Amino acid sequence: MRKYAVGMEEVKRKIGELRGKNLSVAVNRGRNKVTHMTGEIVDMFPSVFTFRAVAGDLLSFSYSDVICGEVKLKRA
């Protein structure tokens, strides 16, 4: 089944709505390795957004990672 095409501006808008809220994130690291964590989106920049995990790690992801499905965000 074909995935719905989403534009960059729409992804930025949706991530902006989730900013500061408690989220569950799944990151596909390749070769059947998926990392799950909870935390919140801290800041947004033109090409990337930063995510602070509950464990204290500060990670950055690009909006294209979300479009491609490498990073999946869900409200916790």
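Me: How does the radius of gyration of the protein chain agree with that of a compact globule, and what is its value?
Reply: Happy to start there, with the note that this is a predicted model. For 76 residues, a compact globule would have a radius of gyration near 11 Å. The protein chain agrees with that expectation, at 12 Å.

Me: What does the C-alpha trace span along its principal axes?
Reply: Here we turn to the extents of the protein chain. Taken along the principal axes, its C-alpha trace spans about 35 × 30 × 20 Å.

Me: Which pattern do the helices and strands follow along the sequence?
Reply: Let's begin with the inventory: the protein chain has two helices and five strands. Reading along the sequence puts these elements in order, and the pattern is α-β-β-β-β-α-β.

Me: What share of the contacts join residues at least 24 apart?
Reply: The contacts to consider are those in the protein chain between residues at least 6 apart in sequence. Of these, the share joining residues at least 24 apart is 40%.

Me: How much of the exposed area do carbon and sulfur atoms supply?
Reply: A good one to pair with burial: 25% of the 76 residues count as buried. The protein chain exposes about 5400 Å². Of that area, carbon and sulfur atoms supply 52%.

Me: How far apart are the mean positions of the positive and negative charges?
Reply: The protein chain carries 14 positive and 8 negative charges. Averaging the places of each set gives two mean positions, and their separation is 6 Å.

Me: Is serine 62 buried or exposed?
Reply: Serine 62 sits in strand E4, which covers residues 58-62. Its relative accessible area is 18%. Buried means under 20%, so serine 62 counts as buried.

Me: Which residue's side chain makes a polar contact with the side chain of serine 62?
Reply: Let's set the surroundings out. Leaving aside neighbours within four places in sequence, serine 62 is in contact with Ser47, Val48 and Phe49. The polar contact between side chains, at 3.0 Å, is with serine 64.

Me: Where does arginine 31 lie, and is it buried or exposed?
Reply: Arginine 31 has a positive phi of about 50° although it is not a glycine. Its place is the loop between strand E1 (23-30) and strand E2 (33-44). Because its relative accessibility is 79%, arginine 31 counts as exposed.

Me: What is phi of asparagine 32?
Reply: Asparagine 32 is also a loop residue, found between E1 and E2. At 82% relative accessibility, asparagine 32 counts as exposed. Its phi is positive in a residue other than glycine, with a value near 60°.

Definitions and conventions
Residues numbered from 1 in each chain as written. Predicted model: local features only at pLDDT ≥ 70, side-chain atom pairs only at ≥ 80, totals over all residues. Heavy atoms only, no water. Helix = DSSP H or I, 4+ residues; strand = E, 2+ residues; numbered from the N terminus. Rg over C-alpha atoms; globule rule 2.2 N^0.38 Å. Buried < 20%, exposed > 50% of the residue type's maximum accessible area, 1.4 Å probe, protein only. Contact = heavy atoms within 4.5 Å. Areas by Shrake-Rupley, 256 points an atom, 1.4 Å probe, with all protein chains shown as cover. Lys, Arg positive; Asp, Glu negative; His and termini not counted. Charge placed at Lys NZ, Arg CZ, Asp CG, Glu CD. Polar contact = N/O pair within 3.5 Å; in protein donor to acceptor, adjacent residues only side chain to side chain.
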